[in-house]
Amino acid sequence: MAGTRKPVVEVRRSQRRRRTVSAYRDGERVVVLIPDQFSRAEESEWVDRMLARLAAREARLARSDAELLARATRLIGLYLPEHMSAAAPASVRWVTNQNGRWGSCTPADRTIRISHRIQDMPDWVIDYVLLHELAHLIVPSHNAEFWSLVARYPRSERARGYLEGVAATAAVP
């Protein structure tokens, strides 16, 4: 049962904590915070419960290529409805080999690749990057017509600022 192995768990007891239990990932291990007065049986029960909650939350956050394609289709309908066929990609997928850009598009084969680095970013940022790449299926260059298509997304300026902030922070040693 290779996929059911429990992660390394660190339990931290607190005398100040009375009833609440919380957990978070710290690298490869899970830290579970519990009240000091919990018995070993209660500790074991809560560790199992919190591991299940973390797994459920991570499953909700996992973003698939199919979900990305569905999101692209929704964005086309909302912001590029007169370009339904022109903006329809042949494929949209998450990739792990893009560290210098957020996404890329190859208009010749109608493929879009989105960097895995944005998977945990807010939905409105992912939507912006995706719409940006969809617009390249209509207008390959970054000309005025292209930017007018991207500007249809109401949060485009905010998303660009967010991404610029992330990029600037990543550049700071």
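User: Leaving aside its neighbours within four places in sequence, what is R113 in contact with?

Analyst: Once those neighbours are set aside, R113 touches R93, V95, Q98, G103, S104, C105 and T106. Contact means heavy atoms within 4.5 Å. Keep in mind that this is a predicted model: local features need pLDDT of at least 70, side-chain atom pairs count only at pLDDT 80 or more, and totals for chains, interfaces and linings use all residues. Residues are numbered from 1 along each chain as its sequence is written, and side-chain values use heavy atoms, with hydrogens and water left out.

User: Where is R113 placed?

Analyst: You'll find R113 in strand 6, residues 111-115. Strands are DSSP runs of E, at least two residues, and helices are runs of H or I, at least four, both numbered from the N terminus.

User: How do you know that R113 has no salt bridge?

Analyst: Look for the nearest side chain of opposite charge: that's D109, 5.2 Å away. A salt bridge needs a side-chain nitrogen of Lys or Arg within 4 Å of a carboxyl oxygen of Asp or Glu. So at 5.2 Å, R113 and D109 don't make the cut. R113 is also buried, but its side chain does have a polar contact of 2.8 Å with that of T111. (A polar contact is a pair of N or O atoms within 3.5 Å; within protein, one must be able to donate a hydrogen and the other to accept it, and residues adjacent in sequence count only if both atoms are side-chain atoms.)

User: Is E28 buried or exposed, and what makes it so?

Analyst: Its relative accessible area is 73%. Buried means under 20%, exposed over 50%, and partly exposed in between, with a 1.4 Å probe and protein chains only. So E28 counts as exposed. E28 sits in the loop between strand 2 (22-26) and strand 3 (29-35). Apart from neighbours within four places in sequence, E28 is in contact with P7 and V8.

User: What makes R29 and E10 a salt bridge?

Analyst: Their closest N and O atoms are 2.2 Å apart, so the pair is inside the salt-bridge limit. The two belong to distant parts of the chain, R29 in strand 3 and E10 in strand 1 (residues 8-14), 19 residues apart. At 29% relative accessible area, R29 is partly exposed, and so is E10 at 25%.

User: How many salt bridges are there in the whole structure?

Analyst: A full search finds 13. One of them pairs D123 with R63, with the closest N and O atoms 2.8 Å apart. D123 is in helix 3 and R63 in the loop between helix 1 (40-61) and helix 2 (65-79), 60 residues away along the chain. Both also belong to a salt-bridge network with E67, R71, R74 and D127.

User: How far apart are R160 and E157 in helix 5?

Analyst: They're three residues apart, which means about one helical turn. Their side chains form a salt bridge at 3.9 Å, N to O.

User: Why is helix 3 called roughly perpendicular to helix 5?

Analyst: Helix 3 (residues 123-138) and helix 5 (residues 156-171) pack at about 100°, axes 9 Å apart. Angles under 35 degrees count as roughly parallel, over 145 as roughly antiparallel, 65 to 115 as roughly perpendicular, and the rest as oblique. So the pair is roughly perpendicular. Where they meet, helix 3 brings W124, V125, Y128 and V129 against S156, R158, A159, R160, Y162 and L163 of helix 5.

Note on methods
Lys and Arg count as positive and Asp and Glu as negative; His and the chain ends are not counted. Axes are lines fitted to C-alpha atoms, for helices over the stretch in contact, and angles run from 0 to 180 degrees between N-to-C directions.
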